[in-house]
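Welcome! Let us take a walk through this structure together, starting at one strand and moving outward from there.

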Amino acid sequence: MTSKHISNYLISLEEATDLIKDIKIPIKEEKILLKDSCNRILSSDIYSLVDDPPFNNSSMDGYALIYSDTIGASKENPVKLDVIDIISAGKKSGFKIISGYASKIMTGAPIPEGADSIIMVEKTSIKDNKLEIVSPSFKTYIRFQGENISKGELILKKGTKLTPRDLGLIATSGHNEVNVYKKIKISIISTGDELVSPGKKLLPGQIYESNSLILENIVNNLGYKSYRHEIIPDSIDQLRHELDKASEISDVIITTGGVSMGDFDIVRQIMEKEGKILFWRMKIRPGSPPLVGEWIGTPLFGLPGNPASSFVVFYVLIKPWLNFISNTHNQEIKIIKAKIVEEIKIKPGYHSFLRVFIENNGQEIIAYTKTHQGSGNVNSLSVSNGLTFIRPDENVSKNDIIDVILLD
């Protein structure tokens, strides 16, 4: 271990989280069409340009009329009115409703002047050219101007990652363009002589590489831009070339593998000699050997090679940092309470992130493991929907209530 590790060696999750808050990258903005903005992050607040609805309108197919005309209406004693016109959606009536008259109206059509309620068509019939009503009308069947959104109202805050539902809200408020942050560009580099891309033939001692695929899709789903590099063998020269390339095209570099204490852990070796190291190793399980630093001015996060370890470090360290630097406030880690219904092994003094399955058994929320917790077991990620969030000073026994992180 070199001197640059002495103060920041084997640190806690809280210490690591505080340290990386000082890592900054330029975050730029751009204006894009609304139709292209799903999963993008707003760089400014959005205010509605209109009232929603923009006018009083009917929520039912029926008749617009005056409520007092319908009081006491029943099958035995129907109220009879004259129908003066038909109002379809997108049209405005030229008539004013007075006592004794009604306008036939379709869902979404503007309420005519003078009307204060709607009777649904199912409560009416036409006999002898008269509208017969067998029930009192409803004022609640009118959707009033601005009852959903008022013109000038703040509808979405800066830092919101836009969902399809948000796009509908923005469109309703009259916007066709939005201001968003430019996507953070993230290079993902897997290292190791033993790694082979899926689809190729495995030779003795080789395994299929999966980390970069997992990370690439998490990065994209978070609203950022990933660059998935070719697998780098255990060669310092090839790694240097790829890191140089990544630093030119990306804002952030993520590597997997090569950060532990072995003879061929080349990410650690090259960062010790040629890079800048902020810290190395964390008190978490799985995932204790991560390395965080800088390569030619570009932040570098060196993740462990085991899939579960790599995933956990990204989820509990890198994802919160990305949210922090991009001011994103609606994709934070979500933690719930659940009963752990089995005995589990944890390491004292470490945060423990076991892969668990969370479900409601009809009485309570429970959590349990579905497979062994080896850090190389990628199946443990696929069959789980949560991570335990057990703090270093917690003692956990079967049937205790614990914190569990919900996985996306």
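A good place to begin is strand β22, residues 298-303: 6 of its 6 residues are buried, so this strand is largely enclosed by the rest of the structure. Here, buried stands for under 20% relative accessible area, exposed for over 50%, and partly exposed for what lies in between, using a 1.4 Å probe and protein chains only. Strands are DSSP runs of E with at least two residues, helices are runs of H or I with at least four, and both are numbered from the N terminus. Before going further, please note that this is a predicted model, in which local features need pLDDT of at least 70 and side-chain atom pairs count only at pLDDT 80 or more, while totals for chains, interfaces and linings use all residues. Residues are numbered from 1 along each chain as its sequence is written, and side-chain values use heavy atoms, with hydrogens and water left out.

Now look at the two faces of β22. On one side sit T298, L300 and G302, on the other P299, F301 and L303, and all of these are buried.

Which strands pair with β22? Strand β18, residues 252-256, pairs with β22 in the parallel sense over 4 bridges, and I254 stands opposite F301 of β22. Strand β21, residues 291-295, pairs with β22 in the antiparallel sense over 5 bridges; there, E294 has P299 of β22 as its bridge partner. Two strands are said to pair if DSSP finds at least two bridges between them. The hairpin of β21 and β22 has 2 residues between the strands, and I296 takes a positive phi near 50° in this hairpin.

Following the chain back from β21 brings us to a loop between β20 (284-285) and β21, where P286 has its place. A cis peptide bond joins R285 to P286, with omega at about -5°. Another cis peptide bond joins D52 and P53, and its omega is also about -5°. P53 lies in the loop between β3 (46-47) and β4 (57-58).

Two asparagines deserve a stop as well. N129 is not a glycine, yet it has a positive phi of about 65°. Its home is the loop between β9 (124-127) and β10 (130-133), and N129 is exposed, with a relative accessible area of 73%. N327, in the loop between α6 (307-325) and β23 (334-340), has a positive phi near 60°. N327 counts as partly exposed, at 37% relative accessibility.

Let us now step back to the whole chain. It holds 7 helices and 28 strands. The radius of gyration is 31 Å, well over the 22 Å that the globule rule gives for 408 residues, so the chain is more spread out than a compact globule. This radius is taken over C-alpha atoms, and the rule is 2.2 Å times the number of residues to the power 0.38. Along its principal axes, the C-alpha trace spans about 95 × 50 × 45 Å.

What share of the 408 residues counts as buried? The value is 47%. Among contacts (heavy atoms within 4.5 Å) with a separation of 6 or more, 70% come from residues 24 or more positions apart. Finally, the chain carries 48 positive and 50 negative side chains, and the centres of the two sets lie 1 Å apart. Lys and Arg count as positive, Asp and Glu as negative, while His and the chain ends are not counted; each charge is placed at NZ of Lys, CZ of Arg, CG of Asp or CD of Glu.
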